[in-house]
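Please open the model in the viewer and keep the selection tool at hand. The tour below proceeds stop by stop, naming what to select and what is to be found there.

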Amino acid sequence: MRSNNPHRGYKVAGCAIFLSFFHVTLAAGASGKGSQSQDDMHVIHNNQLDLREIVFIIQSQSNHFHVRQAERRRADLLKQAQSLTENPPVVVLLPSLSDNEGDWSILPLLPYLSYSFGKNSSWIVFLEEETNVKMTKLLQVLAKFDKNKEWFLGKPLHDEESTIIHHYAFAENPSVFKYPDFAAAWALSIPLVVRLANKVRDEPLKSDFTIDLKHEVALYIWDNGKGPNLTAVPELCTEAEDSPQAQPCATTLSREPPPCGEPVNKEDIFVAVKTCGKFHSERVPVIKKTWEKDALFLEYYSDHADPSIPTINLGVPNTERGHCGKTFAILQRFLSSTVPNTRWLLVVDDDTLISLPRLRVLLSCYDPSEPVCLGERYGYGLSQGGYSYITGGGGMVFSREAVVQLLDSGCKCYSNDAPDDMVLGMCFNALGLPVTHSPLFHQARPEDYAREFLAHQVPISFHKHWNIDPIAVFNKWLKDDLREKPSGGLNKSAKTEL
């Protein structure tokens, strides 16, 4: 259980809070759009908000690429602020606040945020590395709301149908519950932060797994109706920054992905597909009809050697779950002279659908000489000193250096059927090597994610063939070139979130 001492495990924020005399005053007759009533809105001529009252937290990561991206975002915010006032707001990168790697899940961090900013601030605004902010417009938006009340602001997402990634919550009416799209930025008023921080201190966080953070944060705040719902703020947007639709927006997204260089070469990636005899005729043909052709080096690993595919028997018996023994055998084979010496290893399930050309673009942003473990990040027991891991179904990407350090550490499976992705997460955590999250990898099917969430992505992977035509899903979401218009409605202005 986390100590009540707000200093424990945390760093001192790297930026002091300065007084600012820049104020935003609402124009006469301004009114807020959304679910709030006039009684709950503080809309008067003299409603003033200055920059010292806002704390910006960039939800970044510790990988060098992400640090650079977040520092660019921080510099842009401070540059805008400098044009408005001599005294900058507080802008911090999430990893700089804490030594607790699991605090990317936000909730364990609340006591520290309350202690550090609760007395001199009015709002905490969370944004991602890719979120463009128009400072003046954002100040105008926040000034519409009474800062002395509890507010949870964002761009709302909702489920079209009950989904496994949300534990089938609100199964009778999934669309009734709204949760924020983090890419558009989201905000908490300080009174809400203070109350939630007290709750976290008094009642240990109960969730074992962190799967979809934005949904879980909203559930915790809502608290079965005892807390506020998400208030929709139409000025928090995920429109492309140069789109005509972005004119009224306080936040937008960049049209193009970061300029990381040319995509990595095909010969730089070795692909390992985990399968078993009973799926040779059902799942493997889907891979061969869709994405296998984009791999230069690919092997299928099974409990049964089938020369027609071909598959390789690693000598590890098939298990109904977990597959840890098989995955560690793949890691050992990757470092052997049996397979080509490549910079990157991709491990997927036989029901993973993936775009290798898009993966090659993404990997150009990462240094294979560093220990990189990349994919969709989940968490286990993060509030009790647990660990993060890359969930296997969406694809796990390892740099060669990461595999070398992992195997050299002696970390191994406690059983062949242990969950491989979670064991790998424990191993990397023990080594002090954080995993790196990309929302472009998906553990589930497209229909398991909010439509608006996928609308600003160019996804890299999906997982599961359950109740879908996997070839049709691949053709709709993953087949087209990154810069062309996919048949799912994505276009050139679609956002690639790295």
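Two strands are said to pair if DSSP finds at least two bridges between them. With this in mind, note that the model is a predicted one, and begin with a hairpin.

**First stop: a hairpin.** Select strand 21, residues 377-380, together with strand 22, residues 387-390. These two strands pair in the antiparallel sense, and four bridges join them. To see one of the bridges, highlight Arg377, whose partner in strand 22 is Ile390. Six residues lie between the strands of this hairpin, and Gly381 has a positive phi near 60 degrees. Now turn to the two faces of strand 22: Tyr387 and Tyr389 lie on one side, Ser388 and Ile390 lie on the other, and all of them are buried.

**Second stop: strand 5 and its partners.** Select residues 123-127, which form strand 5; five of its five residues are buried. On one side are Trp123, Val125 and Leu127, and on the other are Ile124 and Phe126, so that both faces are covered. Next, add strand 3, residues 54-58, which pairs with strand 5 in the parallel sense over five bridges. Within this pairing, Ile57 has Phe126 of strand 5 as its bridge partner. Then add strand 10, residues 186-189, which runs antiparallel to strand 5 and is joined to it by four bridges. Here Trp123 stands opposite Ser189 of strand 10.

**Third stop: two helices.** Select helix 8, residues 324-334, where ten of the eleven residues are buried. Among the buried residues are Cys324, Lys326, Phe328, Arg333 and Phe334. Move next to helix 2, residues 94-97, and select Leu97. Is Leu97 buried or exposed? Leu97 counts as buried because its relative accessibility is 0%, and the cut-off for buried is under 20%. Add Leu109 to the selection: the two residues are twelve places apart in sequence, and their C-alpha atoms are 8.7 Å apart in space.

**Fourth stop: the pockets.** To find the largest pocket, select Asp349, Gly393, Gln443, His463 and Lys464, which lie nearest its centre among the 39 residues of its lining. The space in this pocket amounts to about 970 Å³. Its lining consists of twelve nonpolar, twelve polar and 15 charged residues.

The second largest pocket holds about 740 Å³ of space. It is lined by 28 residues, and Leu107, Lys206, Ser207, Glu216 and Tyr220 are the closest to its centre. Two elements give two or more residues to this lining, namely strand 11 (209-210) and helix 6 (213-222). Which element gives the largest share of the lining of the second largest pocket? That element is helix 6, with seven residues. By type, the lining of the second largest pocket divides into 14 nonpolar, eight polar and six charged residues.

**Last stop: confidence.** Colour the model by pLDDT. The mean for the protein is 88, and 87% of the residues reach 70 or more. Select residues 12-46, where pLDDT stays under 50; the model has 81 contacts beyond four places in sequence for this stretch. Finally, select residues 482-498, where pLDDT is also below 50 and where the model has 56 contacts beyond near neighbours in sequence.

Technical notes
Residues numbered from 1 in each chain as written. Predicted model: local features only at pLDDT ≥ 70, side-chain atom pairs only at ≥ 80, totals over all residues. Heavy atoms only, no water. Buried < 20%, exposed > 50% of the residue type's maximum accessible area, 1.4 Å probe, protein only. 1 Å grid on protein atoms, 1.4 Å probe; cavity = no way out; pocket = protein on both sides within 12 Å on 5 of 7 lines; lining within 4 Å. Points joined across faces, edges and corners; volume = space filled by probe spheres on them. Nonpolar A, V, L, I, M, F, W, Y, C, P; charged D, E, K, R; others polar. pLDDT = per-residue confidence, 0-100. Contact = heavy atoms within 4.5 Å.
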